[in-house]
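These are my notes from going through one model. I went from single residues to helix pairs and then to the nonpolar cores.

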Amino acid sequence: MKFFIDTANLEQIREAYDLGVLDGVTTNPSLMAKEGIKGVDNQRKHYVDICNIVQGDVSAEVIATDYEGIIREGEELAALNPHIVVKVPCIADGIKAIKYFSEKGIRTNCTLIFSVGQALLAAKAGATYVSPFVGRLDDISEDGIALVGKIVEIYRYYGYATQVLAASIRHTAHIIQCLEVGADVATCPLSAIKGLLNHPLTDAGLKKFLEDYKRVNN
Ligand code: E4P
């Protein structure tokens, strides 16, 4: 399973990249706003800055919601850097645009996926990635991980090439559950990635090893 970090914060992206396990980055307009990045020029510069840190796919989301606007914005975003994946919402004009982009060789991430039906349309349109939102489904008492598993199963059964990118991951257990259901990618906050490191037996074991070493070597 590939690991993406779900942030527009350059420091966090660098920290995850330096761990040596980062395969890519996802952003969205809310994450860009959180970093205070305003205006088209600054936003595009920021995407390039992210691409310069990570040797992997970087999802940059369109703001337009009409077909012509999505095409125009998506082509501009894709031209910024070969790592850019154009993130497009799962709406009718978005699906049409994904079809266009896939015929042009522009890679896409179909976002805001909450059902198998939406994932089917995205795959048929030729999306590179589809992003089911795990945490937001859990928030309304639905089972986000179950949706990821169903999409994985259906894509494998029918041979769709679209990769399942589990998004809206909130914690470390979500990452493990994504592995269990066969997600191709999980995009996670840095805290969830670092949380994978933690185990009290590791801490206790290391403490004892170092104490024993010092006892004999000092
Ligand atoms: C990533 O592609 C999504 O935009 C993101 O994971 C949404 O996460 P949230 O539900 O925590 O905002």
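Which residues does I37 touch, not counting residues up to four places away in sequence? I looked this up and found M32, N42, Q43 and H46. I note here that the model is a predicted one.

**Entry: I37**

I placed I37 in the loop between α2 (29-34) and α3 (40-53). I then checked its accessibility and got a relative accessible area of 12%. The cut-off for buried is under 20%, so I37 is entered as buried. I also took one C-alpha to C-alpha distance from I37, to A146. The two residues are 109 residues apart in sequence and 35 Å apart in space.

**Entry: T128**

I found T128 in the loop between α6 and β6 (129-132). Is T128 buried or exposed? I have T128 down as buried, because its relative accessibility is 18%. With neighbours within four places in sequence left aside, I listed R107, T108, T162 and Q163 as the contacts of T128.

**Entry: α6 and α8**

I next looked at helix α6 (residues 116-125) against helix α8 (residues 144-158). Their axes come within 10 Å and cross at roughly 40 degrees. Angles under 35 degrees would count as roughly parallel, so I record α6 and α8 as oblique to each other. I noted the crossing of α6 and α8 as right-handed.

For the residues, I listed V116, A119, L120 and A123 on the α6 side. On the α8 side I listed L147, K150, I151, I154 and Y155. Sorted by class, this contact of α6 with α8 has eight nonpolar residues, no polar ones and one charged.

**Entry: α8 and α9**

How far apart are the axes of α8 and α9? I read 9 Å, with a packing angle of about 25 degrees. The pair α8 and α9 is therefore roughly parallel. I entered this crossing of α8 and α9 as right-handed.

I145, V148, G149 and V152 of α8 meet H174, Q177, C178 and V181 of α9. By class I get five nonpolar, three polar and no charged residues in the contact of α8 with α9.

I followed H174 further, since it sits in helix α9 (residues 172-181) and counts as buried, at 3% relative accessibility. Not counting residues up to four places away in sequence, I found H174 touching V134, G135, D138, I145, S168 and I169. I145 is also one of the α8 residues in the helix contact.

**Entry: nonpolar cores**

In soluble globular proteins, nonpolar side chains tend to be buried together. I looked up the largest nonpolar core here and found 60 residues in it. Which members touch the most other members? My list is I5, I13, F101, C110, V130, I151 and C188. The largest share of this core comes from α8, with six residues. I151 also appears among the α8 residues that meet α6.

I then took C188 from that list and left aside its neighbours within four places in sequence. The contacts of C188 are F3, F4, I5, D6, I169, I175 and I193. Apart from the largest core I found another core, of five residues. Among them are F4, V85, Y129 and L165. I note that F4, in this other core, is also in contact with C188.

Conventions: Residues numbered from 1 in each chain as written. Predicted model: local features only at pLDDT ≥ 70, side-chain atom pairs only at ≥ 80, totals over all residues. Heavy atoms only, no water. Axes fitted to C-alpha atoms, helices over the stretch in contact; angles between N-to-C directions. Helix = DSSP H or I, 4+ residues; strand = E, 2+ residues; numbered from the N terminus. Parallel < 35°, antiparallel > 145°, perpendicular 65-115°, else oblique. Left-handed = near helix turned anticlockwise from the far one by under 90°. Contact = heavy atoms within 4.5 Å. Nonpolar A, V, L, I, M, F, W, Y, C, P; charged D, E, K, R; others polar. Core = buried A, V, L, I, M, F, W, Y, C linked by side-chain atoms within 4.5 Å. Buried < 20%, exposed > 50% of the residue type's maximum accessible area, 1.4 Å probe, protein only.
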